[in-house]
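Biologist: Hi, can you walk me through this one? I'd like to start with how some of its helices pack.

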Amino acid sequence: MKTINDIRKDFPILEEKIYNKPLVYLDNAATSQKPLKVIDAMSNYYLHLNANVHRGVHLLSQKATDEFEKTRKNVQNFIGAKHSQEIIFTRGTTESINLVASTFCQEFVKEGDEIIVSEMEHHSNIVPWQLAQNKYKFEIRVLPFKDRGELDMETFKSLLNSKTKLVALTHVSNALGVVNPIKEVIELAHKKDIPVLIDGAQGVPHFKINVEELDCDFYAFSAHKLYGPMGIGVLYGKKKYLEAMPPYHGGGEMIKEVSFEGTTFNELPFKFEAGTPSVADVLGFNAAIEYINEIGFDFIEKHEEFLMQYTSEKLLSLDDIKIYGTTPHKAGAISFNLKDVHPFDVGTLLDQMGIAIRTGHHCAQTVMKHYNIVGTARVSFGVYTSKEDIDIFIEGLKRAKTMLL
Ligand SMILES: Cc1ncc(COP(=O)(O)O)c(C=O)c1O
């Protein structure tokens, strides 16, 4: 079994120096670093396999297509989907949610209907619904959360009604690190035949997902937060919905027959994959999945649980630190503020020490509004994050504190 030191060697960027100091990378919720295996898979495609997929009889195109479709199967197994046609490649979580907001609403939502979205969503799970709302005139009902960061489940139950057409909820809050009780949410919604979309951008990197067991109707995520490339992600959707939903984009690949009298559309998943896909990214994604599978979620979960606990304890042992999101079930990220210091100042000082953290509203302005703050500082972990990284961060924060308070 690999140790953290072995794992760190797989990620060449961790050797980088920032202002002449070793990089301490604690911004994994924004994007994770890539192991050499992923970088190699992508360059291998351009060096040895580059051809368009699904359209050539020549060998190179067939090989590229095989690798591309193998990835779809691997993604299917990775998230426990029943059918590979339920895996749609998109550019990432944002595009996956936009796809559903646009096409699900077109088919299933009419004026006066309601869609429930929580108060703790990333903007990617708010704005697409607002854009669709302009067109389809439904109402967005907001599921609030309590100060500790837990969803108000009593309000949730009261929001579900015959006009509710969908619930769209994040698995894990990127701003608070709080893990939502999605299984319970899905069960409650399904009792009223209401489908549920889960934004899994911050879920898949941290624990094993099984969409069949969860019984969610849609699950969206991005490869780049999962040690894979940017610009590629997945929409998982139950076949019955994907089949009923109209195409999102028009173009090559997504059609069966085109004529000026009318066009018929391709079967799943191609109906939703118009145009030339980002093949190198898909193959890089495949390598990322293989990499995660090699390490295993038992290891990842245990390691990250340690990091969450260790960091929280160390942070709370300093005076003047307030942590946002204090429910027992958290994953991947810790948000905090140093007294009333602007988080940007904390982040800037840490950066000069080679420590990369995220500061600001984290694309979750409704969360910041809940706490009446401009933003937070956020540390977030990956499989290569070491105890030493946390110790350096805490020492850096102590120094920043003496400068700022
Ligand atoms: C919870 C959550 N949803 C959606 C997104 C959007 O992901 P992407 O920018 O990869 O589409 C993010 C990215 O930070 C996120 O954390």
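Modeller: Sure. This is a predicted model. Helix 4 (residues 93–108) and helix 5 (residues 127–136) pack at an angle of about 20°, and their axes are 9 Å apart.

Biologist: Which residues of helix 4 and helix 5 make the contact?

Modeller: Helix 4 brings Ile97, Asn98, Ala101, Ser102 and Cys105. Helix 5 brings Pro128, Trp129, Leu131, Ala132 and Tyr136. By class, that contact has 8 nonpolar, 2 polar and no charged residues.

Biologist: Are helix 4 and helix 5 roughly parallel or antiparallel?

Modeller: Roughly parallel. Angles under 35 degrees count as that, so helix 4 and helix 5 fit the term.

Biologist: And is the crossing of helix 4 and helix 5 left-handed or right-handed?

Modeller: Right-handed.

Biologist: New pair. At what angle do helix 2 and helix 10 cross?

Modeller: Roughly 150°. The axes of helix 2 (residues 36–49) and helix 10 (residues 279–295) come within 8 Å. Their crossing is right-handed.

Biologist: Which residues meet there, between helix 2 and helix 10?

Modeller: From helix 2, Lys37, Val38, Ala41, Met42, Tyr45 and Tyr46. From helix 10, Val279, Ala280, Leu283, Gly284, Asn286, Ala287, Ala288 and Tyr291. The classes are 11 nonpolar, 2 polar and 1 charged.

Biologist: Now the ligand. How many residues surround the ligand?

Modeller: 13 residues. The closest are Gly92, Thr94, Asn174, Ala201 and Ser222.

Biologist: How many residues of that shell are nonpolar, polar and charged?

Modeller: The shell around the ligand has 1 nonpolar, 11 polar and 1 charged.

Conventions:
Residues are numbered from 1 along each chain as its sequence is written. This is a predicted model: local features need pLDDT of at least 70, side-chain atom pairs count only at pLDDT 80 or more; totals for chains, interfaces and linings use all residues. Axes are lines fitted to C-alpha atoms, for helices over the stretch in contact, and angles run from 0 to 180 degrees between N-to-C directions. Helices (H or I, at least four residues) and strands (E, at least two) are DSSP runs, numbered from the N terminus. A crossing is left-handed if the near helix is turned anticlockwise from the far one by less than a right angle, and right-handed if clockwise. Two residues are in contact if their C-beta atoms, placed from the backbone, lie within 7 Å. Ala, Val, Leu, Ile, Met, Phe, Trp, Tyr, Cys and Pro count as nonpolar, Asp, Glu, Lys and Arg as charged, and the others, Gly among them, as polar. A residue is near a molecule or strand if its C-beta atom, placed from the backbone, lies within 6 Å of it. Angles under 35 degrees count as roughly parallel, over 145 as roughly antiparallel, 65 to 115 as roughly perpendicular and the rest as oblique.
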